[in-house]
Amino acid sequence: MEKLLSVDELSEMLGVTKATIYSWTSRNKIPHIKLSKRLLKFRKNDIEAWIAKRTISADASFLVQEDKKRKRSRTSLKLHDDFIEKIIRNAKDGALRL
């Protein structure tokens, strides 16, 4: 049988507090085994699979962020350009009326 991890061991392995581990288990956010009301254990393989599901490629994340920035920038520039054009039109209209 595979050795089960304790809350202390898992806390150290993940670099989070025991309180975080308890919080995650109470909300079923992390795979765990509840041996009794106060005794929790964790299968290392389950934890490794859980971590793998949450791993995000740095390249993909970077590309998504850059794409969002470009879209915001294009929208911002278009609004800015439209605003400038409106100011110029208003100035020309005002000058023509004089």
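Here is a friendly chat about the core and the salt bridges of this predicted model.

Colleague: Which elements give two or more residues to the largest nonpolar core?
Modeller: That core has nine residues in all, among them Leu-10, Phe-42 and Trp-50. The elements that give two or more residues to this core are helix 1 (7–14), strand 3 (39–43) and helix 3 (44–53).

Colleague: Ile-30 is in that core too. Which residues is Ile-30 in contact with, leaving aside its neighbours within four places in sequence?
Modeller: Some of these partners are fellow core members, including Leu-10 and Ile-47. The full set for Ile-30 is Leu-10, Leu-14, Trp-24, Thr-25, Phe-42, Ile-47 and Trp-50.

Colleague: How many salt bridges does a search of the whole structure find?
Modeller: Side chains of opposite charge can pair when their charged atoms come close. One such pair is Glu-9 with Lys-3, and another is Asp-46 with Arg-43. Searching the whole structure gives a total of three.

Colleague: How far apart in sequence are the parts that Asp-8 and Lys-18 tie together?
Modeller: Asp-8 forms a salt bridge with Lys-18, and their closest N and O atoms are 3.2 Å apart. Asp-8 lies in helix 1 and Lys-18 in helix 2 (residues 18–26), so the pair ties together parts whose separation in sequence is 10 residues.

Colleague: Is Lys-3 buried or exposed?
Modeller: Lys-3 pairs with Glu-9, with the closest N and O atoms 2.9 Å apart. Glu-9 is partly exposed at 34% relative accessible area. For Lys-3 the value is 54%, and exposed means over 50%, so Lys-3 counts as exposed.

Definitions and conventions:
Residues numbered from 1 in each chain as written. Predicted model: local features only at pLDDT ≥ 70, side-chain atom pairs only at ≥ 80, totals over all residues. Heavy atoms only, no water. Core = buried A, V, L, I, M, F, W, Y, C linked by side-chain atoms within 4.5 Å. Buried < 20%, exposed > 50% of the residue type's maximum accessible area, 1.4 Å probe, protein only. Helix = DSSP H or I, 4+ residues; strand = E, 2+ residues; numbered from the N terminus. Contact = heavy atoms within 4.5 Å. Salt bridge = Lys/Arg side-chain N within 4 Å of Asp/Glu carboxyl O.
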